[in-house]
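This briefing introduces one protein chain to a reader who is new to structural description. Please keep the sequence and the three-dimensional view at hand while reading.

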Amino acid sequence: MVSAPDVVKPNPPPIAHLKRALPFAIPFATVPLALIGAAQGGWTVLLLPLFVWGLFDLLDLALGADPRNADPATETKDLFWFRLLSLIWVPLQLLTVFGLVFHVSHAAHLGLIEKIGLFIGIGAMTGSVGLVHAHELIHRNNRLERGLGDLLLASVLYSHFRTLHLRVHHLLVGTAEDPATARFGEDFPTYLQRALTEGHRRAWETEVSLLARTGRPPQALRNPFWIYGVLQFAMIVAALVLGGAQGLLLFLVQAFVAVCQLELMGYVAHYGLTRRLLPDGTPEPVQPHHSWNAPQKASGWLLLNLGRHADHHARPDRRYPLLQALPAAEAPQLPHGYPAMAAMALVPKLWHRRMDLRVLDWRQARYPDIEDWTPYGSGAGAAADAAPPLPETVAAEPPVAPVVPPASEVPEAPAAERRPETV
């Protein structure tokens, strides 16, 4: 269990008080909205996606960015209420998803379109709320929190993300070897296809390589893919038992929408940002300027400060309320919050018009000496649609992957190597 705040301490830091964590509980309103949609049907099935995909964009416009930073040296015990939110969300999401799989699949008052619409909204909930809590939990080193993160990932059939994120993305971000780094000029559908296919393969190969170091075969029980497979199989069986074929279909709809939400955030977070290749062919260390930042207040509540992404990559073990909002001089800033930019990414021409020139400006500011960017990889020519046209070398030259250490020689991200915390 999570230890309660230290009541003996006479003057706990301000962040230790419940009121500082309450804004991050606003996304919990998705649960009653899902229940209303299931009970009433009709237009109410739109309440959930409008809340997740619309309200926080409007709040970002009204409230703007939040440059304030908490003391990064704050002790874990003073973050009790923030940690509790993540722990509470896990059973709440599982009860909501599977309870509605049962109810909706047997509901005579809901048509098929209403049912699918409702579960698209539930996918928005499990993607925008559930998966950011999963991301927070898998970065922790105690078994309880990481295990709960595994449950959330399994509930959208994306369990391999734990391996991919901790052991691949955090080490290879900003290189062509990272499936979760969007190439310059690449459309989101192309990125998504690579993330869904190459991501699974890279996660599997990484775990197999780590097992081989200790002389264990791929089928060894220490391979976390056993956990991933068992949990995902249990989720599918639960959906099938509770809702039959229709229940399984609805469960798969929410899982697909949730995964798309996650990968949209990944697309936005590093689009076009690359690390310099050193003379020996390896990438430079990860720097704050290798992540797009958007410290908007409202979307920070929704996404657990995911917009403070540069600091997350600098300190993967830092809990979400302590992530720092870095200034533009240190980390590139997005014009809008992550939810608005994710929506923009669904319209490739609009995205490229807003972002490609920013990438070119970033390259000129950070790496003015690099004239040939082709060794850093590029998209499939989508940048040619940007306005104004991009340099000919970017649009026409074929991508060449940088030389980086293979997965078998790459250790786990620093956050996963730290000693377990006391839970």
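Which residues of helix 6 are buried? They are E145, R146, L148, G149, D150, L152, L153 and A154. The model discussed here is predicted. The points below begin with the chain as a whole and then turn to individual elements.

**The chain as a whole**

- The protein chain has 423 residues, and 55% of them are buried.
- Its secondary structure consists of 15 helices and 0 strands.
- Among contacts with a separation of 6 or more, 75% join residues that stand 24 or more positions apart in the chain.
- The chain exposes an area of about 18,000 Å², of which carbon and sulfur atoms supply 65%.

**Helix 6**

- Helix 6 covers residues 143-154, which makes 12 residues.
- At 1.5 Å a residue, this helix should span 16 Å, and the distance between its end C-alpha atoms is 16 Å, so expectation and model agree.
- In an α-helix there are 3.6 residues a turn, so residues three or four places apart point the same way.
- The buried set of helix 6 includes L148 and L152, as well as the charged residues E145, R146 and D150.

**Helix 12 and its surroundings**

- Helix 12 runs over residues 338-345 and is mostly covered, with 6 of its 8 residues buried.
- The buried residues are Y338, P339, M341, A342, M344 and A345.
- These buried residues pack against several other helices, among them helix 3 (47-63), helix 8 (188-213) and helix 9 (225-270).
- Their further partners are helix 10, helix 11 (309-314) and helix 13 (348-366).

**The second largest pocket**

- The second largest pocket holds about 400 Å³ of space.
- Its lining is formed by 19 residues, and R20, F24, D66, R68 and W301 are those nearest the centre of the pocket.
- By character, the lining residues comprise 9 nonpolar, 5 polar and 5 charged.
- Helix 10, residues 297-303, gives the most to this lining, with 3 residues.

**Residue L84**

- L84 belongs to helix 4, which extends over residues 80-105.
- Is L84 buried, partly exposed or exposed? Its relative accessible area is 24%; because buried means under 20% and exposed means over 50%, L84 is partly exposed.
- L84 and A21 are 63 residues apart along the chain, and their C-alpha atoms are separated by 9.5 Å.

Notes: Residues numbered from 1 in each chain as written. Predicted model: local features only at pLDDT ≥ 70, side-chain atom pairs only at ≥ 80, totals over all residues. Heavy atoms only, no water. Helix = DSSP H or I, 4+ residues; strand = E, 2+ residues; numbered from the N terminus. Expected span 1.5 Å × (residues − 1). Buried < 20%, exposed > 50% of the residue type's maximum accessible area, 1.4 Å probe, protein only. 1 Å grid on protein atoms, 1.4 Å probe; cavity = no way out; pocket = protein on both sides within 12 Å on 5 of 7 lines; lining within 4 Å. Points joined across faces, edges and corners; volume = space filled by probe spheres on them. Contact = heavy atoms within 4.5 Å. Areas by Shrake-Rupley, 256 points an atom, 1.4 Å probe, with all protein chains shown as cover.
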